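The exercises below are meant to be worked through with the sequence and the model side by side. Each one sets a task and then follows it with a solution that goes step by step.

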Amino acid sequence: MMSKIVSSLPSENIVNGNIKTVVKVTPPGPRKKLQLAVIEPGLGSGVSSPDYILDNYLKTLTQRVKYHLGFPENICYDHHVALAPLLQFHLNNCGDPFTENPVDFHSKDFEVAVLDWFAKLWEIEKDEYWGYVTHGGTEGNLHGIWIGRELLPNGILYTSKDSHYSVFKAARLYRIDLEMINTTTNGEIDYSDLRAKLLHNKDKPAIININIGTTFKGAVDDIDVILQTLEDCGYSHNKFYIHCDAALSGLIVPFIKNVISFKKPIGSVTISGHKFLGCPIPCGVQITRKSHIAYLSRNVEYIASVDATISGSRNGLTPILLWYSLSSKNQIGIQQDVKRCLYNARYLKDRLQQANISVMLNELSTIVVLERPLDHEFTRHWQLSCVRDIAHVIVMPSITRETLDDFFIDLVQKRKMWYQDGRVKPPCVADDIGAQNCACALHNDQYIFL
C-alpha cells in the first residue's frame, strides 16, 4: 500500500519555491512480541509449523532493519552464506586461546589471529599481550576490572557516571569500593572531580575505568590527562591500574587519532565485535598484558588447559566470524566505514541544527544526541534509545544516508503535530547537552519552530 506524504521541510528541501512531495512506502510497524510455545509434533493442522513461524519472523526482521537507529549494532553483515556450513559443528574454545586443545572442534587458531590483529592496532608486541574473544563488552569490562582487583586487592574503582552499567555491575560483583566521577555536559569525565577524589583516597590504589566512547554520548576520556592527574596526585605506576572500555569506539578512534596505545601504562582494553565491525552473534575482544595473567590463571586438568577467562566454555563460531569480517574489510575497509559514518553523523547533526532541533555530536563520535521525541510510538518505531529528555541516533556502517533523511523528515513532520498549538513545547536540554546545543526558546535567540 502506497501513501503520499506532503511535508514542508527546511529550505534545502524546497525546490524552485515549491514544496517537495515525498512518496514513501508505508513503513512496517515495530515488531510485536510473539506468543510462542514449544511445538509438540502431531497436534493437528491448527498449529503453525516451526518453519512457518521462523519464515514470518525472518520477514519481520528483514522489514525492520532500516529502522534500527538507537542501538550500536552494525547489521550490515552478508557473510551468512559462506559461513553457514559451520553451524553443523559444535565449536568450543574452552580455556586459554594460546594452549593446545585436546579435541579438534575448536577455532583457537582463528581466535589468535584476531587477537594479533587487535594487539597490533593497539600497539602491543605479540609476546607481551594476552587476550581472548569474549561474549561481549560486558564480559570484557568484568575481566579488565577483575585483573585490576587481583593486582590491587584494596584498590578503589573510579569511573564516570556516564560509564556503561557493566562497570557498576563489576563493582558490586567484586565488592570493590566505588567512586563515581562527575561528567561534563558532553559526557567526558570531569578531571577536576577525579583529581579531588584521588587526593581524598591517596592512601589506597586506584583502579580506573576510562571510556573510549561513552554509551550514550560517545564521549572519549583523555588518557593522557588522566595519567598526568595520577602523577600529580602522587600515584606511582604500581599504585594504579587502567582499564579502557572501548566497546563501540575502539574500532573508530584509532583511525582518527592515536588514543589507545599500550605504549602508555594502561592495563587492558575491550571492544564489542558485534558493534562497529558487525557480527550476527554478540561477541568482543579483551586484550591485556601477559604479565598480568599469572594472577588469574589456574590449571584445569579436565580441559588440559590453563584458564584465565571468565566464561570457561566459549563460542568457537565468533572468532571465525570476526576473522572473516576483518579479512574481508581489512584496515582500509574499516577506515572507509569510519570516514563515512563520521560524515553521515555530521550530516544528520547539521540537518537537525538547521531545523532548530536541539542536537549535539562529540568530535570522535558517530552518536548524534538530540532532544527526546515526544511520542513513544515514534521512538519505538525508529528504535531510539532515550535517557531523561534526550535520545540518540548511532550512525553505524549499516545505516544509509537515505535512512537518515527518512528519519529527519519523519521527525520534522511529527514535531509539527506535537507542538503545533503551542501548549506543549520542545524540552530544554541544556543540562544534558549544554546550553550552546539547546534550541529551546530560552537558549536560542533565533528560535523559529519548523
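**Exercise 1. Two residues with a positive phi**

In which loop is the place of R388? Having found it, describe the phi and the exposure of R388, and then do likewise for R175.

Solution. Bear in mind throughout that the model is predicted. Step one is to place R388, which is in the loop between β16 (385–387) and β17 (390–394). Step two is to look at its backbone, where R388 has a positive phi of about 50° although it is not a glycine. This deserves notice because most residues other than glycine have a negative phi. Step three concerns exposure: the relative accessible area of R388 is 54%, and since exposed means over 50%, R388 counts as exposed.

Step four turns to R175, which is in the loop between α5 and β7. R175 is not a glycine either, and yet its phi is positive, at about 55°. With a relative accessible area of 72%, R175 is exposed.

**Exercise 2. The helix before R175**

Which residues of helix α5 are buried, and what do they pack against?

Solution. Helix α5 covers residues 165–174, and its buried residues are S166, V167, F168, A170, A171 and Y174. These buried residues pack against α4, β6, β7 and β8. The helix is then followed by R175 with its positive phi, near 55°.

**Exercise 3. A buried asparagine**

Find the helix that holds N141, decide whether N141 is buried or exposed, and list its contacts away from its sequence neighbours.

Solution. First, N141 is placed in helix α4, which spans residues 137–151. Second, its relative accessible area is 1%, and because buried means under 20%, N141 is buried. Third, when neighbours within four places in sequence are left aside, N141 is in contact with S166, V167, N209, H243, D245 and T270. Two of these partners, S166 and V167, are also among the buried residues of α5.

**Exercise 4. Helices α6 and α7**

Which residues are buried in α6 and in α7, and how are they arranged around each helix?

Solution. Begin with α6 (residues 191–200), in which Y191, D193, L194 and L198 are buried. Seen down the axis of α6, these buried residues fall within an arc of 155°, so they line one face of the helix. The face turned away from the buried side carries S192 and H200, which are exposed. The cover over the buried residues of α6 includes β6 (156–160), β7 (178–181), β8 (206–211) and α7 (223–232).

Continue with α7, where the buried residues are I223, I226, L227, T229 and L230. Viewed down the axis of α7, they fall within an arc of 160°, so here too they line one face of the helix. Their packing partners are α6, β8 and β9 (240–245). Finally, examine the two ends of α7: at its start, a side-chain oxygen of D222 reaches to within 3.0 Å of the backbone nitrogen of D224, and just after the helix G234 takes a positive phi of about 85°.

**Exercise 5. A pair of packed helices**

At what angle do the axes of α3 and α10 cross, and which residues meet there?

Solution. Two packed helices are described by the angle between their axes and the distance between the axes. For α3 (residues 108–121) and α10 (residues 317–354), the axes come within 8 Å and cross at roughly 35°. The crossing of α3 past α10 is left-handed. On the α3 side the contact is made by F110, E111, A113, V114, W117, F118 and L121, and these meet P319, I320, L322, W323, L326, Q331 and I334 of α10. Sorted by class, this contact has 12 nonpolar, 1 polar and 1 charged residues.

**Exercise 6. Two residues in the later part of the sequence**

Compare the surroundings of C438 with the exposure of E402.

Solution. C438 is in the segment after α13 (430–433), and with a relative accessible area of 4% it is buried. Apart from neighbours within four places in sequence, C438 is in contact with S358, C428, V429, A430, H443 and N444. E402, in contrast, is in helix α12 (residues 401–419) and counts as exposed at 55% relative accessibility. From C-alpha to C-alpha, E402 and N101 are 48 Å apart in space, and in sequence they are 301 residues apart.

How values were computed
Residues are numbered from 1 along each chain as its sequence is written. This is a predicted model: local features need pLDDT of at least 70, side-chain atom pairs count only at pLDDT 80 or more; totals for chains, interfaces and linings use all residues. Side-chain values use heavy atoms; hydrogens and water are left out. Axes are lines fitted to C-alpha atoms, for helices over the stretch in contact, and angles run from 0 to 180 degrees between N-to-C directions. Helices (H or I, at least four residues) and strands (E, at least two) are DSSP runs, numbered from the N terminus. A crossing is left-handed if the near helix is turned anticlockwise from the far one by less than a right angle, and right-handed if clockwise. Contact means heavy atoms within 4.5 Å. Ala, Val, Leu, Ile, Met, Phe, Trp, Tyr, Cys and Pro count as nonpolar, Asp, Glu, Lys and Arg as charged, and the others, Gly among them, as polar. Buried means under 20% relative accessible area, exposed over 50%, partly exposed in between (1.4 Å probe, protein chains only). The arc is that of the directions from the helix axis to the C-beta atoms. A polar contact is a pair of N or O atoms within 3.5 Å; within protein, one must be able to donate a hydrogen and the other to accept it, and residues adjacent in sequence count only if both atoms are side-chain atoms.
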